[in-house]
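Here are a few exercises to work through with the model open beside you. Try each task before reading its solution.

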Amino acid sequence: MASAFTSAFEYAPAPESRSVVDIAPSYGLFIDGEFTEAADGRVFKTVSPSTEEVLSEIAQAGEADVDRAVKAARRAFGAWSALPGAERAKYLFRIARIIQERSRELAVLETLDNGKPIRETRDADLPLVAAHFFYYAGWADKLDHAGFGSSPKPLGVAGQVIPWNFPLLMLAWKIAPALATGNTVVLKPAETTPLSALFFADVCRQAGLPRGVVNILPGYGDTGAALVAHPDVNKVAFTGSTAVGKAIAKTVAGTRKKLTLELGGKGANIVFDDAPIDQAVEGIVNGIFFNQGQVCCAGSRLLVQESIQEELLESLKRRLSTLRLGDPLDKNTDIGAINSEEQLTRITSLVEQGEAEGAERWSPACELPNAGYWFAPTLFTNVTQAHTVARDEIFGPVLSVLTFRTPDEAVAKANNTPYGLSAGVWTEKGSRILAVANKLRAGVVWSNTFNKFDPTSPFGGYKESGFGREGGRHGLEAYLDV
Amino acid sequence: MPTNAPTAAPALTDVTASDAALRRFLHGLPGVDAVGLEARAATLGTRSIKTTAKAYAIDLAISMVDLTTLEGADTPGKVRALGAKAVRPDPTDRTAPATAAVCVYPDMVAVAKEAVAGSAVKVASVATAFPAGRAALDVKLADVRDAVAAGADEVDMVIDRGAFLAGRYLKVYDEIVAVRETCGTAARLKVIFETGELSTYDNIRRASWLGMLAGADFIKTSTGKVAVNATPANTLLMLEAVRDFRAQTGVQVGVKPAGGIRTSKDAIKFLVLVNETAGEDWLDNHWFRFGASSLLNDLLMQRQKLATGRYSGPDYVTVD
């Protein structure tokens with residue numbers, strides 16, 4: 001008998017070593033191949049969300065710096081765009097390989113700066129980052145055959161502003177196609193997660209990328225606004241909130257700048273009564289608790305067929321009770337920290353509003369660490385379309401559960417949102433997958449899976465989720481004069 | 001002490017009223033998405049089990065091993081050696097736990113029984129025309145009676161895969177019920193599906209429910225005699241089945257992956273699957289077993305390494 005064993009099977013902590021990454025006490029802006037101070041000397045601090053420890057002091061780019069960077073990118077554009085595609089590909093392949101070689105270092109860095117679990121940076125973010133560079137490296141010498149006419153031309157200088165939820169991956173989504181098509185880049189990472197972009201600047205130097213082809217300008221919203229408004233920028237690409245996206249669209253309107261926006265979402269995850277239940281539960285968990293729900297394509301609205309609601313919710317709650325929240329550097333951690341105090345406040349206030357409006361809140365028994373920004377995985381049941389938690393993007397580990405009776409009702413509810421970025425369909429019936437997917441107004445529809453990404457697959461939104469596509473052959477179009 | 005399961009779960013008696021009812025029930029179970037199932041099993045395989053958790057897991061795994069010899073060339077001497085090893089796996093370290101059972105052919109049960117006498121180690125026997133199961137029911141039952149009469153504490157039966165694949169679920173059900181009755185209160189029944197031959201995950205889930213409905217005390221992946229035996233994915237699926245079965249009927253059923261689990265690292269991955277799928281109620285050798293022969297030595301070597309800090313090699317554990 002096993003009576004000799006009294007304790008439960010508790011995993012001992014298995015933290016990834018911090019010593020694989022060397023974070024300097026301060027970083028400058030990366031302009032024209034050099035790290036430099038901001039013109040007005042301003043700096044800001046970046047902290048680790050799981051501990052609130054200050055990681056480094058970062059130069060904050062102002063208007064003068066934006067101008068310097070755009071000029072450097074403009075100077076570099078001539079030679080870079082004139083290179084044969086196969087030559088540009090060599091640089092991109094080199095960058096991809098360096099990222100693979102340094103992936104452990106970059107994964108730890110990203111986890112420290114962002115708060116997401118090392119399991120995700122190691123197993124999802126970094127492999128995808130490298131894959132994007134490899135994929136677009138492959139396109140660089142085949143642009144004539146991409147379906148945009150013979151020898152399509154690059155646009156010029158791309159001003160890119162990326163969010164804090166997937167700092168390095170969003171950088172890859174932006175920079176890889178821009179460089180492959182012959183554009184040069186000025187990129188502003190988010191103020192809470194500038195480090196991996198600055199390490200990427202180092203990767204560019206290591207790869208011998210010509211000066212000025214990639215410029216990195218950490219800063220806040222005003223830095224981004226200056227970059228977007230700069231008259232010598234030809235292309236603006238933004239991933240972030242819908243509110244900021246609208247402001248950018250206004251700025252760019254009437255100029256000749258080409259614009260793509262990847263904005264918010266309120267993805268519907270539709271589970272029919274004949275779904276593979278255990279895998280659907282995994283997909284629901286992956287859809288909303290991946291990266292603490294801080295994913296624009298998160299499946300934040302669960303639409304479950306009424307007949308299996310009880311059974312599914314029971315399975316889901318049991319599954320949530322096994323999620324491990326805590327030190328993001330621990331290899332066994334499933335749920336890490338919320339990226340910033342500001343975001344935590346936003347999540348908290350939306351959840352309180354959900355409760356006040358009468359939705360039923362549930363979280364598994366879950367101890368939150370004392371320091372850092374944390375939010376327990378949360379479910380809302382008794383939610384209707386009229387509830388704020390069913391309409392507003394929460395961008396946190398909060399799932400709203402709604403029900404439906406017929407496929408038509410599921411589609412109507414799924415589409416009844418100002419957003420349209422992602423959706424999921426769970427059923428064992430192949431014909432139903434196709435029928436429902438065709439009716440969903442969302443840029444990505446996953447069937448019997450969720451939150452799967454691949455560089456070959458285009459990604460983008462409908463309605464307030466933005467316009468333009470990233471990834472795949474479609475992703476090239478945004479950086480070509482077509 | 002948990003008792004042996006009743007022969008049929010009361011809440012589900014209707015579904016076995018006819019072949020058609022049973023088929024409707026089994027085909028009404030939620031489907032299995034193979035990609036998702038395997039992805040989940042792979043994710044759980046990346047859990048990092050270190051230090052105290054690893055020491056605990058290794059001892060737990062040793063205590064769950066059904067130390068097995070199922071060769072035509074088995075001799076009484078070999079079975080006696082196996083029994084001695086099951087009782088005291090590491091002669092150099094008496095803190096090493098005993099294994100759960102030794103698993104032998106019916107004609108070796110009496111020898112095995114004697115070899116483990118006085119210990120808590122059980123004797124399990126593969127009966128029912130193992131491993132093909134292609135014999136008449138009365139032959140299978142005679143096989144079971146022999147094993148039980150010789151003192152087997154556990155009977156491992158194989159299902160009739162031919163009948164299962166032909167959709168004759170009630171025949172399979174009736175056979176399991178008959179074997180269960182023959183085991184009586186003397187022996188617990190492990191039902192082997194030979195998952196490699198069932199070939200789809202949907203079939204494995206149906207077989208799991210079929211076995212549990214018929215009164216299996218354990219559901220077991222495979223005989224170890226075919227190309228594909230226990231895998232993380234099929235074991236995860238069976239753990240989901242026993243978890244759901246208990247939720248629906250209150251009856252707890254054990255799980256035994258068998259064949260192909262050779263290293264401590266693999267065994268620990270299976271324990272993680274148990275821990276995070278069925279839960280800690282199953283983390284006990286009354287409810288979870290490893291059907292393995294070579295696994296034990298690797299567990300012992302890893303155990304010695306944790307204790308001494310050095311890896312001593314295969315000559316520091318016994319060969320059988």
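**Exercise 1. Find which residues touch the most other members of the largest nonpolar core, then list the contacts of F200(A).**

Step 1: A nonpolar core is a set of buried Ala, Val, Leu, Ile, Met, Phe, Trp, Tyr and Cys residues joined through side-chain atoms within 4.5 Å; buried means under 20% relative accessible area with a 1.4 Å probe, protein chains only. The largest such core has 109 residues, and I99(A), F133(A), L171(A) and F200(A) touch the most other members.

Step 2: Take F200(A) and skip its neighbours within four places in sequence; its contacts are then I95(A), I99(A), F133(A), L168(A), L171(A), I175(A) and V214(A). Contact here means heavy atoms within 4.5 Å.

Step 3: Now look for a second core: it is separate, has 105 residues, and includes V111(B), L198(B), V255(B) and L299(B).

A word on the ground rules: this is a predicted model, where local features need pLDDT of at least 70 and side-chain atom pairs count only at pLDDT 80 or more, while totals for chains, interfaces and linings use all residues. Residues are numbered from 1 along each chain as its sequence is written, chains are lettered from A and ligands numbered from 1 in the order written, and side-chain values use heavy atoms, leaving out hydrogens and water.

**Exercise 2. Track down the backbone oddities: where is P131(B), and is D32(A) buried or exposed?**

Step 1: Recall that most residues other than glycine have a negative phi, and most peptide bonds are trans.

Step 2: Going from F130(B) to P131(B), the peptide bond is cis, with omega near 0°. P131(B) sits in the loop between β3 (122-126) and α6 (137-149) of chain B; helices (H or I, at least four residues) and strands (E, at least two) are DSSP runs, numbered from the N terminus.

Step 3: That loop between β3 and α6 of chain B also holds T128(B), whose phi is positive, near 60°. T128(B) is buried, at 0% relative accessible area.

Step 4: In chain A, D32(A) has a positive phi of about 55° and lies in the loop between β2 (29-31) and β3 (34-36). D32(A) counts as buried because its relative accessibility is 19%.

**Exercise 3. Work out how many residues of chain B are in contact with chain A, and how many salt bridges cross the interface.**

Step 1: Chain B puts 38 residues in contact with 28 of chain A.

Step 2: Four salt bridges turn up across the interface, counting a side-chain nitrogen of Lys or Arg within 4 Å of a carboxyl oxygen of Asp or Glu. One salt bridge joins D278(A) and R205(B), at 2.4 Å, N to O.

Step 3: On the side of chain B that touches chain A, α3(B) gives the largest share, eight residues.

Note on methods. Buried means under 20% relative accessible area, exposed over 50%, partly exposed in between (1.4 Å probe, protein chains only).
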